[in-house]
Amino acid sequence: MLVLKKKRIDARTITLMSLLIALMVVFTRFISFETQFLRISLTFVPESLMGILFGPFWTGIGSAVADTVGMLLFPKGPYFPGFTLNAFISGAIYGFFYYKKELTWKRVFTATLLVTVIIHLFLTPLWLGLMYGVNLSNIAWWIPRILKNIIFFPIQVVATYYLGNKVPYKQFLNKSLANYK
Ligand code: FOL
């Protein structure tokens, strides 16, 4: 199994992952604005930090766990597996771009653009369409979603750049954690 090949998972890894997963649950379920069709949240903050520290695989898993646990504990609407896939893909993208790399403007911009286009503007509308039978050719339905993403994109880029360059997380990125790819 993958877990065994990569040396051992120490207590600090488990603790940090659990803390970041808990933060993701809180940011998604409590400190967020949500309607049936649109959610605005700062979940990208703990998720990006997880990407920086643990890489694409574990950030994908951690995000999917946060989605599933969050829905089990605090259900809002019906559980739909598409959003768990969203969580995995976005976590994997952050991990792929941020793990053991310098967080340059270009890198943060690219990762955020990918998540915005693939997750927020393609997959989420698809899932919402399947769940609630939305007619996706209705332009009026897209307006709040497109506005949200236009406004949110620069906020996320600046916040992530700050997170990656000003927060002294590097002390956690040594020894045992360095074994994770
Ligand atoms: N099923 C699962 N597995 N997880 C969920 O979070 C979930 N949520 C709902 C229904 N089933 C679920 C409630 N409905 C968005 C809007 C409504 C919604 C779910 C998601 C949404 O707009 N999501 C955006 C932004 C996410 C964010 O910023 O946190 C997205 O692009 O995914």
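This report describes the fold, the surface and the salt bridges of a single chain, taken from a predicted model.

The chain contains six helices and two strands, and from the N terminus on these elements follow the order α-α-β-β-α-α-α-α. Its radius of gyration is 17 Å, close to the 16 Å that the globule rule gives for 181 residues, so the chain is as compact as a globular protein of that length. Along its principal axes, the C-alpha trace spans about 50 × 35 × 25 Å. Among contacts in the chain with a separation of 6 or more, 73% are made by residues 24 or more positions apart.

Of the 181 residues, 44% count as buried, while the accessible surface comes to about 9,800 Å², with 74% of that surface belonging to carbon and sulfur atoms. The chain carries 18 positive and 5 negative side chains, and the centres of these two sets lie 7 Å apart.

A search of the whole structure finds two salt bridges, which are set out below.

| Salt bridge | Closest N and O atoms |
|---|---|
| Aspartate 67 with arginine 29 | 3.3 Å |
| Arginine 39 with glutamate 34 | 3.1 Å |

The bridge between aspartate 67 and arginine 29 links distant parts of the chain, since aspartate 67 lies in helix α3 (residues 44–73) and arginine 29 in helix α2 (residues 11–29), 38 residues apart. Aspartate 67 has a relative accessible area of 9%, under 20%, and therefore counts as buried; arginine 29, at 6% relative accessibility, is likewise buried. In the other bridge, arginine 39 counts as partly exposed at 30% relative accessibility, and glutamate 34 is also partly exposed at 30%.

Definitions and conventions:
Residues are numbered from 1 along each chain as its sequence is written. This is a predicted model: local features need pLDDT of at least 70, side-chain atom pairs count only at pLDDT 80 or more; totals for chains, interfaces and linings use all residues. Side-chain values use heavy atoms; hydrogens and water are left out. Helices (H or I, at least four residues) and strands (E, at least two) are DSSP runs, numbered from the N terminus. The radius of gyration is taken over C-alpha atoms; the globule rule is 2.2 Å times the number of residues to the power 0.38. Buried means under 20% relative accessible area, exposed over 50%, partly exposed in between (1.4 Å probe, protein chains only). Contact means heavy atoms within 4.5 Å. Accessible areas come from the Shrake-Rupley method with a 1.4 Å probe; for residues, only the protein chains shown count as cover. Lys and Arg count as positive and Asp and Glu as negative; His and the chain ends are not counted. The place of a charge is taken as NZ of Lys, CZ of Arg, CG of Asp or CD of Glu. A salt bridge is a side-chain nitrogen of Lys or Arg within 4 Å of a carboxyl oxygen of Asp or Glu.
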